[in-house]
Amino acid sequence: MFYPSSFHFRRVIKIEVKNMMVVKGIQFDGVKKIMPISEVSNFVDEHFHEVFLVDNTRTLFGLAPNFSALEALAQSTSLPILFGGGISSLEHVMSAFELGASRVYINSALDSHPTLLEQVS
């Protein structure tokens, strides 16, 4: 595929976490711990334009969003952060913005709270 010389790709890294550890899924059956979230900024800042931080276990187990991971990442990087996982209320969205998220990702909560999108926007 041909791209004009003025075209630039936006590099976004998706970081999946469980508690305070970066994880990698293993054949849809569990996860492998890769590194603590505190070590991510060592290589992310130089190579990417944005971070997508998600903790999929939060929605799965009905837990509140992983704000501690968001806060740790926001303190160690200046990149914009798209944050998701367990966000199910306007309060969660506002807390995410206060802790350093530039955008939020809402998915499963829209099934059970269809008015959430209107509240957030």
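In this predicted model, the buried residues of helix 4 pack against four elements: helix 3 (67–76), strand 5 (81–84), strand 6 and helix 6 (116–120). Helix 4 itself spans residues 90–99, and its buried residues include His-92, Val-93 and Ala-96. These residues cover an arc of only 100 degrees around the axis, so they sit on the same side of helix 4. The other side of the helix has another character: there, Glu-91 and Glu-98 are exposed. Helix 4 can thus be read as having a buried side, with His-92, Val-93 and Ala-96, and another side where Glu-91 and Glu-98 are exposed. Just beyond the end of helix 4 comes Gly-100, whose phi is positive, at about 125 degrees.

Attention now turns to the aromatic rings. How many aromatic pairs does a search of the whole structure find? The search gives two. One of them joins Phe-52 and Tyr-105 in an edge-to-face arrangement, with 5.3 Å from centre to centre and 65 degrees between the planes. The angle counts as edge-to-face because it is over 60 degrees. This pair links distant parts of the chain, as Phe-52 belongs to strand 4 (residues 50–54) and Tyr-105 to strand 6 (residues 103–105), 53 residues apart. Are the two partners buried or partly exposed? Phe-52 has a relative accessibility of 14%, so it counts as buried, because the cut-off for buried is under 20%. Tyr-105, at 34% relative accessibility, counts as partly exposed. Strand 6, which holds Tyr-105, is also one of the elements against which the buried residues of helix 4 pack.

A little further along the chain, Leu-110 lies in helix 5, which covers residues 109–112. With a relative accessibility of 28%, Leu-110 counts as partly exposed. Which residues does Leu-110 touch, once its neighbours within four places in sequence are left aside? Its contacts are then Leu-116 and Leu-117. Both of these fall in helix 6 (116–120). Lys-33, by contrast, is 77 residues from Leu-110 in sequence, and the two are 29 Å apart in space, C-alpha to C-alpha.

Finally, there is a nonpolar patch on the surface, formed by Tyr-3, Phe-7 and Phe-9. Together, these three residues have about 320 Å² of accessible area. Phe-7 is found in the segment before strand 1 (12–18). The relative accessible area of Phe-7 is 40%, so this residue counts as partly exposed.

Methods:
Residues are numbered from 1 along each chain as its sequence is written. This is a predicted model: local features need pLDDT of at least 70, side-chain atom pairs count only at pLDDT 80 or more; totals for chains, interfaces and linings use all residues. Side-chain values use heavy atoms; hydrogens and water are left out. Rings of Phe, Tyr and Trp (its six-membered ring) pair if their centres lie within 6.5 Å; planes under 30 degrees apart count as stacked, over 60 as edge-to-face and the rest as tilted. Helices (H or I, at least four residues) and strands (E, at least two) are DSSP runs, numbered from the N terminus. Buried means under 20% relative accessible area, exposed over 50%, partly exposed in between (1.4 Å probe, protein chains only). Contact means heavy atoms within 4.5 Å. The arc is that of the directions from the helix axis to the C-beta atoms. Patches are made of residues with over 30% relative accessible area and no salt bridge: like charges are joined within 9 Å, nonpolar side chains (Val, Leu, Ile, Met, Phe, Trp, Tyr) within 5 Å. Accessible areas come from the Shrake-Rupley method with a 1.4 Å probe; for residues, only the protein chains shown count as cover. A salt bridge is a side-chain nitrogen of Lys or Arg within 4 Å of a carboxyl oxygen of Asp or Glu.
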